[in-house]
Every structure is written in structure tokens, then in C-alpha cells.
Amino acid sequence: MNVSSILSASEPLTESLPVVELRHVSIAFDGPPVLEDISFTVAPGETRILLGPAGVGKSVLLKLIIGLLRPDRGHVLLFGDDISEFSEEELFSLRARSGMVFQEGALFDSLTVRDNVAYQLIQNPAIPDEEIDRRVREALSFVGLEKTFSLYPASLSGGMRRRVAIARALINNPELILYDSPTGGLDPVTSATIMELVMKARDVHRTPSLLVTHRLQDAFTLCTHRFDPAGNTMAPLPQGETDPATTFLMLEEGRLIFDGSLHNLLHTDYKFVREFLE
Ligand SMILES: Nc1ncnc2c1ncn2[C@@H]1O[C@H](COP(=O)(O)OP(=O)(O)OP(=O)(O)O)[C@@H](O)[C@H]1O
Ligand SMILES: [Mg+2]
């Protein structure tokens, strides 16, 4: 068998390319390095949950991935391209292929929900208004907030604002979603609603993602449940089963100290991980 027939017989090579790859990434601001020698990947279909204490560099890491910050050393690959030396213009079009849910949601108070969700689309004058309206309604329907279309963020609850932020991140059918602490500051019931949406994006759209969370409960829920489209809700996996494509990363003092499955996380002897879990 020659090479070309091997290639055509298997999946296209690009299928297995990581969506995100960090290679020995370091970054400092005015003091000691915030992140040092960080390497990991997010493969197609994967959900990676990033854990770590406050101030360890989780948000910085997400910003490096979409080029809002640049590493001092190392390489960041997004959709197979090394973006470390990309111009702002080149980064802009790559960013349009990913969705970011910023910490605290970060909606624009002076814009309606419609305009907040449409934000990326409005940048493109070629998309007619009716098309924008249709896609905003579709994204709002995904998060169960069709009725908020004309409202301003000030009249929404904290949980609703997060759901709008998720709709905004999903508007372009992104090839990657980055969630920065989407349940931070929310009560357990509202947090569960948000995690259900994260799960829906994972299991219905199969969008690879990187999720930062402080809440271990959220992480465990994501590992042990699947979204059931028939019931439009999350359903537990059979006892003892976990989603094999949902795995963990953990930062401590600027270093990546864990990269692996829930099972390995629960059984690691690493003192810091044990303390965090307890
Ligand atoms: N643009 C910046 N300029 C200077 N320092 C920064 C900048 N962004 C982040 N830092 C510093 O980098 C460190 C990591 O910040 P980061 O926001 O990534 O923490 P985090 O892990 O997301 O924390 P939290 O869990 O509280 O959200 C902090 O010490 C922060 O002050
Ligand atoms: Mg943060």
C-alpha cells in the first residue's frame, strides 16, 4: 500500500491536529513569572477543565490562547497556527473562530442583549440585520433566553447575564470555546444551569473547550453527566463512568502540575492536588 492510499483510507490528518497547543509557554509582568514552561493540548472533541487557586494565572492562560496576551517565551498554536508572531489583524480573524466567556461575563451595559450577543457579527458589515437577528434569536434560544432580546443587561440576574455571555460566545459556531469561571459568584442552582449549557455545547455541538472553574462540583458534574437532547437536560452517566473526553489541567505557582483524567486526579498523591480536592 502506498502512502496516499493509507492517507485516504484513514481520517484526514488535520482531524487529529490539536485545536490548541501550548509549547513551553512562559509569561511575566513586572515580577516573577506568572506562568512558566506550560505545555498542553486541547484536541478536537476534548473538554479540558483548568483548576488552580486565585491569582495563579488561569485567566492569563486563556488570554494567551486567543492572543490577547503574548508569551515571553514558548509558542501558542491555535487551530494549528503558531500565533506568537501574528499581527493584530491575523489574530482578529482567528479570534472570530473561537468563543470566549470572560470572567464575570463582561457584557456591555449600554448595549441591549441583542447587540451584546451580536457583537462579533456587527463587526462584519456584510451580514444583513435580519440575518443577525435570526442568529441572535437562535443563540438566545440555545441558552433559554429568547425573551431578553430587547432588554439591557442591568435588568437581568447574574445567572442570566452569564447565559447571555455564553450565547455571545456561541454566536459564530466557534471551533473552540473558552470559559473563564462561568459560575463564579453564582449560587449552586444557577451554577447547575450554567454547567448544563456547557455540557450542551460539549455534547450537542461537540465543540472543544477549555473551562476554568473554582468549583469542583461543576467539574465533577461535567465529567459524570451527559446532555440528553430528548429531555433537554443533563443526565447522569451510569455509576462509575466518566466522560473520557473531559480531562483536567491544574496550575500551582505558575507551573502545570497535573494533566490527566478525573480518575488520575482523584488518585494522585500530589499534596497540592489533594489539598485542593479536600
Ligand atoms: N495585564 C496584566 N498586567 C499585569 N499583571 C497581570 C495582568 N494580568 C494578570 N496579571 C497578574 O497575573 C497574575 C495571574 O492573574 P490571573 O488573572 O490569570 O489569575 P487567575 O488564576 O485567573 O485568578 P482568579 O482565580 O482570581 O480569577 C496575577 O498576579 C495578576 O495580578
Ligand atoms: Mg481569573
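This briefing walks through the metal site, the ligand site, one helix, the empty spaces and two loops of the structure. The model is predicted. The magnesium ion (ligand 2) has two protein donors, S59 and Q103. Ligand 1 has both of these residues around it as well. The largest pocket has a volume of about 560 Å³, and the largest cavity has a volume of about 40 Å³.

**The magnesium ion**

- S59 gives its OG atom to the magnesium ion (ligand 2), and Q103 gives its OE1 atom.
- These donors lie 2.0 to 2.3 Å from the ion.
- S59 sits in helix α2 (residues 58–65), while Q103 sits in the loop between β6 (98–101) and α4 (113–117), so the pair ties together parts that are 44 residues apart in sequence.
- Is Q103 buried, partly exposed or exposed? Q103 has a relative accessibility of 32%, so it counts as partly exposed.

**Around ligand 1**

- Many of the residues around ligand 1 fall in one stretch of the chain: P53, A54, G55, V56, G57, K58, S59 and V60 are among them.
- F29, V34, Q103 and H214 are also around ligand 1.
- A backbone N or O atom of G55 is 2.7 Å from an oxygen atom of the ligand.
- A polar backbone atom of V60 is 2.9 Å from an oxygen atom of ligand 1.
- H214 uses its side chain instead: an N or O atom there lies 2.7 Å from an oxygen atom of ligand 1.

**Helix α2**

- Why is α2 described as largely enclosed by the rest of the structure? Seven of its eight residues are buried, so the description fits.
- The buried residues of α2 are K58, S59, V60, L61, L62, L64 and I65.
- S59, the magnesium donor, is therefore a buried residue, since buried means under 20% relative accessible area and S59 is listed as buried in α2.
- After α2 comes G67, which has a positive phi near 75 degrees.

**The cavity**

- How many cavities of 30 Å³ or more does a search of the whole structure find? The search finds one.
- L64 and G67 help to line the largest cavity, along with L69, R70, P71, V76, I83, S84 and L91.
- L64 is also one of the buried residues of α2, and G67 is the residue with positive phi that follows the helix.
- The lining of this cavity has six nonpolar residues, two polar ones and one charged one.

**The largest pocket**

- The lining of the largest pocket has 21 residues.
- Which of them are closest to its centre? They are F92, R95, F102, Y119 and Q120.
- Four elements each supply at least two lining residues: α3 (88–95), β6, α5 (119–122) and α7 (158–170).
- By class, the pocket lining holds twelve nonpolar, six polar and three charged residues.

**Two loop residues**

- D243 lies in the loop between β10 (233–236) and β11 (246–252).
- D243 counts as buried because its relative accessibility is 7%.
- The side chains of D243 and T246 make a polar contact at 2.8 Å.
- G80 lies in another loop, between β4 (73–78) and β5 (81–82).
- With 33% relative accessibility, G80 counts as partly exposed.
- How far apart in space are G80 and V20? Their C-alpha atoms are 7.3 Å apart, though the two residues are 60 residues apart in sequence.

Technical notes
Residues numbered from 1 in each chain as written. Chains lettered and ligands numbered in written order. Predicted model: local features only at pLDDT ≥ 70, side-chain atom pairs only at ≥ 80, totals over all residues. Heavy atoms only, no water. Donors = N, O, S within 2.8 Å, 3.2 Å for Na, K, Ca; no water. Buried < 20%, exposed > 50% of the residue type's maximum accessible area, 1.4 Å probe, protein only. 1 Å grid on protein atoms, 1.4 Å probe; cavity = no way out; pocket = protein on both sides within 12 Å on 5 of 7 lines; lining within 4 Å. Points joined across faces, edges and corners; volume = space filled by probe spheres on them. Nonpolar A, V, L, I, M, F, W, Y, C, P; charged D, E, K, R; others polar. Near = heavy atom within 4 Å. Polar contact = N/O pair within 3.5 Å; in protein donor to acceptor, adjacent residues only side chain to side chain.
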